[in-house]
Amino acid sequence: MERWVGRVALVTGASVGIGNATARALVQHGMKVVGCARDVDKIRETAAELQQAGAAGQLYPVQCDLTVEAEIRAMFDNIEVEHGGVDVCINNAGLAAKGSLLSGSFEGFRTMTDVNILAPTLCSQLAVQQMRKRGVDDGHIITLNSMSGHRIYLGMAFYGMTKFAMTAMTEGLRRELREMKSHIRATCISPGLVETEFAIRMNKDDPQKARDLYASTQCMQAKDLADAVLYVLGAPPHVEINDIWMRPTEQTT
Ligand SMILES: NC(=O)c1ccc[n+]([C@@H]2O[C@H](COP(=O)([O-])OP(=O)(O)OC[C@H]3O[C@@H](n4cnc5c(N)ncnc54)[C@H](OP(=O)(O)O)[C@@H]3O)[C@@H](O)[C@H]2O)c1
């Protein structure tokens, strides 16, 4: 990870869960991390904690609602002014709204489309533009996909559709980057069950259901995913890890 010290990473969805653990890990490894989410106070708390602990890098909190194109563009403009541009873009923010294809709400489908597909697509495009503008040829786009991006889980088919799109996006980015003779790398990470706020938010009318799910098996933790991000970033520049499938050992599906 030495070559990333002092470089700039954007982590979307850095307020809680996998994004928060990833932002912490990258700051501990000396990176300048711009962490964004709607609940910016939680990121501020993490930034203060890291600073107090004497972390090698720094966390810069930014409030951004990823359903709003103008907010994403303004965030990238500010990163360029404040830090020169992004070297690593971690598309982490995501959600699942409850409901099957045949009965789910259109509003839920739209929010998942905005946050899980359109936002990572735009962030990837703007990140690569900032890298190319500065001649950065070793940048990295890392996207939190899911096992749902590889098989359909009954009751979560639309969420799965958004994650299949991340499988396609990662390969599409890889192909386009190779075509332009760039060495910028594209990776997705596809976890099974991780104990975060994810299932609690999805079952907000019945949060106990999510707690029971997390208690029913030994889940992966957010830090396990942050470790995977470090592994992907730390691979030598001539190695591009394209996808990591990882599940709790006890998970059967
Ligand atoms: N947990 C799992 O079992 C699991 C499994 C497979 C894949 N994943 C994927 O892993 C990623 C991270 O999930 P997680 O488990 O860490 O979930 P989480 O604990 O629910 O965190 C989700 C993050 O996304 C952010 N977010 C949601 N909507 C947003 C919006 N409109 N604008 C900006 N930020 C937004 C949230 O921040 P604010 O609410 O503060 O905006 C939060 O920081 C997601 O892409 C998810 O699909 C998770």
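**View 1. Surroundings of Val194 in this predicted model.** Val194 is buried, because 23 other C-beta atoms lie within 10 Å; a residue is called buried if 20 or more other C-beta atoms lie within 10 Å of its own, exposed if 12 or fewer, and partly exposed in between, with C-beta atoms placed from the backbone. Val194 belongs to strand β7 (residues 194–195), where helices (H or I, at least four residues) and strands (E, at least two) are DSSP runs numbered from the N terminus. Leaving out residues up to four places away in sequence, Val194 touches Ile18, Cys219, Met220, Gln221, Ala222 and Leu225; contact requires that the C-beta atoms of two residues, placed from the backbone, lie within 7 Å. Tyr214 is 20 residues from Val194 along the chain, and their C-alpha atoms are separated by 8.2 Å. Residues are numbered from 1 along each chain as its sequence is written. The model is predicted, and local features need pLDDT of at least 70, side-chain atom pairs count only at pLDDT 80 or more, and totals for chains, interfaces and linings use all residues.

**View 2. The open sheet and the helices packed on it.** The sheet has 7 strands in the order β3-β2-β1-β4-β5-β6-β9, with parallel pairing; strands pair if DSSP finds at least two bridges between them. At the edges stand β3 (58–63) and β9, each with a single partner strand, so one side of each is left without a neighbour in the sheet. Neighbouring strands are turned against each other by 15 degrees on average, direction ignored, with axes fitted as lines to C-alpha atoms, for helices over the stretch in contact, and angles running from 0 to 180 degrees between N-to-C directions. Between the parallel strands β5 and β6 there are 5 bridges, and Leu144 stands opposite Ile189 in β6. Helix α2 (residues 40–52) packs on the sheet by touching β2 (32–37) and β3, and its direction makes about 170 degrees with that of β3. Helix α5 also packs on the sheet, where it touches β5, β6 and β9, its direction making about 165 degrees with that of β6.

**View 3. Helix α5 and the loop that follows.** The 23 residues of helix α5 (residues 157–179) should span 33 Å at 1.5 Å a residue, and its end C-alpha atoms are 33 Å apart, which agrees; the expected span is 1.5 Å times one less than the number of residues. The buried residues of α5 include Phe158, Tyr159, Met166, Met169, Leu173 and Leu177, and what covers the buried residues of this helix includes α4 (106–133), β5 (140–144), β6 (185–191) and β9 (243–246). Lys181 lies in the loop between α5 and β6 and has a phi near 60 degrees, a positive value in a residue other than glycine. Most residues other than glycine have a negative phi. Lys181 counts as exposed, because it has 7 C-beta neighbours inside 10 Å.

**View 4. The shell around the ligand.** Of the 27 residues around the ligand, Gly13, Gly17, Arg38, Asp39 and Gly94 come nearest, a residue being near if its C-beta atom, placed from the backbone, lies within 6 Å. The elements that give two or more residues to this shell are α1 (17–28) and α6 (198–202), and α1 gives the most, with 3 residues.
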